[in-house]
Amino acid sequence: MTRIFVYGTLKRGAKNNAHLEGQRFLGEAVTVPGYVLYGLFGYPGMVRAADVTAGVTGELWEIDDDCLRNLDRLEGLAEGLYTREAVQLEPPFASHRAQSYLYHRSLEGRPRLGSTWKL
């Protein structure tokens, strides 16, 4: 089982949440400072940003290996759209390292959204 932090279209109520069907929702979560969201093409992308003092808001899920492989395909890991990396979360999940998807392409011309993606 893998813990995964989601912050965009995979969140409950969002268009891609069905990909998490049958997996275990652990709760709402926030990353430690140092991450920010950018608006892409109808979805957000999280990137590291040393100048940011707030964390990104999202959800923590526990998922099985089949779901993880499916999410890796959805997020375009093979195409270099995103990378999956460990991120540190704030309490109450501070002791749980989680995987998350970080955007891996150019942000030129993309708007900086801050810490929360609105559904």
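Q: Which residues of helix 1 (residues 65-74) are buried?
A: This is a predicted model, in which local features need pLDDT of at least 70, side-chain atom pairs count only at pLDDT 80 or more, and totals for chains, interfaces and linings use all residues. Residues are numbered from 1 along each chain as its sequence is written, and side-chain values use heavy atoms, with hydrogens and water left out. Helices (H or I, at least four residues) and strands (E, at least two) are DSSP runs numbered from the N terminus, while buried denotes under 20% relative accessible area, exposed over 50% and partly exposed in between (1.4 Å probe, protein chains only). In helix 1, the buried residues include Cys67, Leu68, Leu71 and Asp72.

Q: What arc around the axis of helix 1 do these buried residues cover?
A: The arc is taken from the directions that run from the helix axis to the C-beta atoms. The buried residues lie on the same side of helix 1, because their arc is only 140°.

Q: Which residues are exposed on the other side of helix 1?
A: The buried residues of helix 1 are covered by elements including strand 1 (2-6), strand 5, strand 6 (82-87) and strand 7 (98-103), where contact means heavy atoms within 4.5 Å. On the other side of helix 1, the exposed residues include Asp66 and Arg73.

Q: Which residues touch the most other members of the largest nonpolar core?
A: A nonpolar core is a set of buried Ala, Val, Leu, Ile, Met, Phe, Trp, Tyr and Cys residues joined through side-chain atoms within 4.5 Å. The largest one has 34 residues, and helix 1 is one of the elements that each supply at least two of them. The members with the most such neighbours are Phe5, Tyr7, Met46, Ile63 and Leu89.

Q: Is the ring pair of Phe5 and Tyr7 stacked, tilted or edge-to-face?
A: Rings of Phe, Tyr and Trp (its six-membered ring) pair if their centres lie within 6.5 Å; planes under 30 degrees apart count as stacked, over 60 as edge-to-face and the rest as tilted. This rule gives 4 aromatic pairs. The centres of Phe5 and Tyr7 are 6.4 Å apart and their planes stand at 35°, so this pair is tilted.

Q: How many residues apart are Phe25 and Trp61?
A: Phe25 and Trp61 form an edge-to-face pair, with 5.3 Å centre to centre and 65° between the planes. Phe25 is partly exposed at 31% relative accessibility, whereas Trp61 is buried at 6%. The pair links strand 2 (residues 24-30) with strand 5 (residues 57-63), and its separation in residues is 36.
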